[in-house]
Amino acid sequence: MSTTPGEAPARRRPDDHETGVGVPRLLWVPAGLAFALIALPVLGLALKADWPRLPEQLVSAAALDALRLSLLTASISTVLCIVFGGPLAVVLARGRLRGLRLLRSVVLLPLVLPPVVGGLALLYLLGRTGLVGRGLDVAFGVTIPFTTAAVVLAQTFVALPFLVVSLEGALRTAGRRYEAVAATLGASPALAFRRVTVPLVLPGLASGAVLAFARCLGEFGATVAFAGSLQGTTQTLPLLVYQLRETDVEAAVALSLLLVVVAVAVIAVAAPRTTADGRL
Amino acid sequence: MTGLDARVVVRRPAFTLDVTLAADPGEVLAVLGPNGSGKSTLLGVLAGLLRPDEGHVRVGDELVTDAAARVLVPPHRRGVGLLAQQALLFPHLSAVGNVAFGPRAHGVPRREAEQRARELLAAVGVAELADRRPARMSGGQQQRVALARALAPDPHLLLLDEPLAALDVDATPAMRSLLRQMLRGERFDRPKQTAVLVTHSALDALVLADRVVVLTGGRVVEQGPAREVLARPRSPFTARIAGLDLVPGTACPEGLRTADGVVVTGRSGDGAALPTPGEPVVAVFPPSAVAVFAERPHGSPRNVVPVRLAAIEPRGDMVRLRAAALPGGPHWVDGLAADVTPAAVADLAVEPGAELWFAVKAAEVAIHAAD
């Protein structure tokens, strides 16, 4: 490192001169197959599409309704994930409670649970005869299942772990050393959290939010079980695709391609943040 | 008014830290000690990050920790700053943002805080980096910004935790002298800074500190003005970091008698008469005064002792030969050092494990009372 004032150290860059350590040749074959398994089906979808008629298939009433609903619910769900999952991640990363380990495994449940099971679980909790649902119905006359609110709840349920895990990792990586430094400079815990901790984990929060948004957009199983498939109210894009797959294959393909485009856009937004070194 | 007045007792399963420290306002106190001697624990208690089992900490006129009265002022309200080995600059803030952070946390308006931050950055010699993020600074530059940041809120007490240890060799001397000037208020219009400096380096202690406390096994084993403690070490650790050889024993008419009865001839360290025979004393001499022979030398008024060569270490233009005890030989030679020229090492043609003779003239051996 240089000490001449005004001179920055050379930043590390990929260098053509570096040969590095090679990858064993044997790994190239399964690696190629894995890549093909991911990339080829998307290609198949693109080949199947009726490109000239694509625009009119995308602007059908049902398709526009589904697209609007998907973007709306996924956005709301992502905000809910940040508002509730953010503090949960802080508790998991910084808390000193007993039983935190158990709590963490419970939070991971939606990741490993089949989504349709999650949907049923939500239904039995919030359905008109469910544990909480009955109370809501009697006290406020509110029913949640098969409404847009149910779509949001189902999406939040499945997407929450993505945000929590990503943010908790960022909090642990940032560590407490910066917070201790902030304290010795006179910052209260609340100020240190706001001015130091939050900015430090912002990239982790952003990539977690993008992952959660993508998961919400693709949600199918929990939504179908808990919210049904009513056009304009609960029929999101994946549900419409599934409904059209037999009656109107070309429309289904067109909408699938739309979802692919959105997914690629999401990856493009998230990738630079996650591939660097976790920092902006 | 005191700068710092602390008695700290922390009981851990492995050891107990029990020290009393005091510093006048504007005084820099160096804490020296081997790893595991309790230095980090001590800093943690002073900063308010650790609760002591017993004792108190008074910074300026304020009692910030008192185990008996259950007083524990949180770190952000005790006016104790910290400069650690790593700069730990906030990566999302520019240099100005980092330095202004402390004043801003104390409610200083942004414009004023940033104005002061720029002045401090200029004082530590990195004015041109003001708007740069830490990722685009060298290690030495980062540590300068970290010093400015630590001083910006005008802490009553500044803790320096090996502030030069992580810098590369080229950056260290300039940072050391900057630190000295800033602590003494010679470079920026601020009063002398009360500080506690934890270090492994005798040079840092000599340059930066007014007084030195040597900590071993959780206790203060030596203390006094930096120059005095390091010039007349009374413990093997202090001697080692001061770069001196030390032999413990009791006083005898010739100088010192070791526990196994070997007499080390020397002169009184402070120019006065030698201590009363039987009193505990140490014999201290520089490694450069030690001559090394493959065969026992004859006929000179030297102290001569057989050793096993434990290690050969480069040391600037010289080579340091580190001794270990021979089987059945005296134990106190363990760790003794001799600085010789590379040519002399080549003449000796030795490798670690070889048997050698260390010799030192009586005139080079200083005998100090070891209380």
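This short presentation covers chain B as a whole and then one helix of chain A.

Before I begin, please note that this is a predicted model, in which local features need pLDDT of at least 70, side-chain atom pairs count only at pLDDT 80 or more, and totals for chains, interfaces and linings use all residues. Residues are numbered from 1 along each chain as its sequence is written, chains are lettered from A and ligands numbered from 1 in the order in which they are written, and side-chain values use heavy atoms, with hydrogens and water left out.

Let me start with chain B. Its nine helices and 22 strands are DSSP runs (helices H or I, at least four residues; strands E, at least two). The C-alpha atoms of chain B occupy a box of roughly 80 × 50 × 40 Å along the principal axes. Of its 371 residues, 53% are buried, meaning under 20% relative accessible area with a 1.4 Å probe, protein chains only. Taking contacts (heavy atoms within 4.5 Å) between residues of chain B at least 6 apart in sequence, 65% join residues at least 24 apart.

I turn now to chain A. Helix α6(A), residues 115-126, has twelve residues; at 1.5 Å a residue, counted for one less than that number, it should span 16 Å, and its end C-alpha atoms are 16 Å apart, which agrees. Which residues of α6(A) are buried? They are Gly118(A), Gly119(A), Leu122(A), Leu123(A) and Leu126(A). These lie on the same side of α6(A), because they cover an arc of only 140 degrees around the axis, judged by directions from the helix axis to the C-beta atoms. The buried residues of α6(A) pack against α7 (133-140), α8 (148-174) and α11 (221-227) of chain A.

Terms used. Buried means under 20% relative accessible area, exposed over 50%, partly exposed in between (1.4 Å probe, protein chains only).
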